Amino acid sequence: MLLLTFKHIIADFVLQTAWMAHGKDQKKGWGLPLLVHCLIHLAVATVLILIVAPRFWFVALIDFVIHIIVDRVKGICSVRFRTTLEHPWFWTLMGVDQSLHHLTGFGLSILMAANA
């Protein structure tokens with residue numbers, strides 16, 4: 001769990017650029033920023049998992065797919081409800097997004113622990 005949380009902090013906050021953060025939540029042109037962002041998650045997860053538990057390399061792919069889905073749904077909601085930084089639902093949407101990512105890490109950690 002700590003490994004996947006560390007991965008999430010690095011990929012979602014340290015390595016995510018403004019182009020990715022804003023671009024993936026747009027009505028049009030969201031595909032490339034979202035893909036690049038999620039490929040960074042895939043790369044960081046793959047490296048960390050290969051170092052710590054190489055037999056679970058596929059967990060990085062599962063995380064990648066789930067991350068794309070969660071972030072795209074958040075993007076659709078952002079466009080639909082026009083949630084700018086000043087919008088009252090902005091932080092709620094951000095909190096739900098982050099909670100889903102952490103629950104993904106928790107579930108994947110359970111998967112790895114149960115099959116260790």
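This is a short tour of the structure above, stop by stop.

**Before you start**

The model is predicted, so keep its limits in mind: local features need pLDDT of at least 70, side-chain atom pairs count only at pLDDT 80 or more, and totals for chains, interfaces and linings use all residues. Residues are numbered from 1 along each chain as its sequence is written, and side-chain values use heavy atoms, with hydrogens and water left out.

**Stop 1: the whole chain**

Show the protein as a cartoon. You should find five helices and zero strands. Helices (H or I, at least four residues) and strands (E, at least two) are DSSP runs, numbered from the N terminus. Read along the sequence, the pattern is α-α-α-α-α.

Now switch to the C-alpha trace. Along its principal axes the trace spans about 45 × 25 × 20 Å. The radius of gyration is 14 Å, which agrees with the value near 13 Å for a compact globule of 116 residues. That radius is taken over C-alpha atoms, and the globule rule is 2.2 Å times the number of residues to the power 0.38.

Colour by burial next. Of the 116 residues, 38% are buried. Buried means under 20% relative accessible area, exposed means over 50%, and partly exposed lies in between (1.4 Å probe, protein chains only). The areas come from the Shrake-Rupley method with a 1.4 Å probe; for residues, only the protein chains shown count as cover.

**Stop 2: the salt bridges**

How many salt bridges does a search of the whole structure find? It finds three. The term means a side-chain nitrogen of Lys or Arg within 4 Å of a carboxyl oxygen of Asp or Glu.

Select Lys7 and Asp63. Their side chains meet in a salt bridge at 2.7 Å, N to O. Lys7 sits in helix α1 (residues 2-14) and Asp63 in helix α4 (residues 58-81), so the pair ties together parts that are 56 residues apart in sequence. Lys7 counts as buried, at 2% relative accessibility. Asp63 is buried too, at 6%.

Move to Asp71 and Lys24. This salt bridge is 3.0 Å, N to O. The pair links distant parts of the chain: Asp71 is in helix α4, Lys24 is in the loop between α2 and α3, and they are 47 residues apart. Are Asp71 and Lys24 buried or exposed? Both are buried.

Finish with Lys74 and Asp25. Their side chains meet at 2.9 Å, N to O. Lys74 lies in helix α4 and Asp25 in the loop between α2 and α3, so this pair ties together parts 49 residues apart in sequence. Lys74 is buried, with a relative accessible area of 10%. Asp25 also counts as buried, at 15%.

**Stop 3: the positive patch**

Turn on the surface. Select Lys27, Lys28, Arg80 and Arg82, which form a positive surface patch. Patches are made of residues with over 30% relative accessible area and no salt bridge; like charges are joined within 9 Å, and nonpolar side chains (Val, Leu, Ile, Met, Phe, Trp, Tyr) within 5 Å. Lys and Arg count as positive and Asp and Glu as negative; His and the chain ends are not counted. The place of a charge is taken as NZ of Lys, CZ of Arg, CG of Asp or CD of Glu.

Click Lys28. Its place is the loop between α2 (18-23) and α3 (31-52). Lys28 is exposed, at 72% relative accessibility.

Click Arg82. This residue lies in the loop between α4 and α5. Arg82 is exposed as well, at 68%. Check its backbone: Arg82 has a positive phi of about 50° although it is not a glycine.

**Stop 4: the nonpolar patch**

Select Met1, Val96, Leu100, Leu103, Phe106 and Ile110. Together they make a nonpolar surface patch of about 560 Å². Zoom in on Ile110, in helix α5 (residues 90-114). Ile110 counts as partly exposed, at 46% relative accessibility.

**Stop 5: two residues in α3**

Where is His37? His37 lies in helix α3. Its relative accessible area is 0%, so His37 is buried. Draw a line to Phe106: the two C-alpha atoms are separated by 21 Å, and the residues are 69 apart along the chain.

Last, pick Leu42, also placed in helix α3. Leu42 is buried, with a relative accessible area of 17%. From its C-alpha atom to that of Ser99 the separation is 19 Å, with their positions 57 residues apart along the chain.
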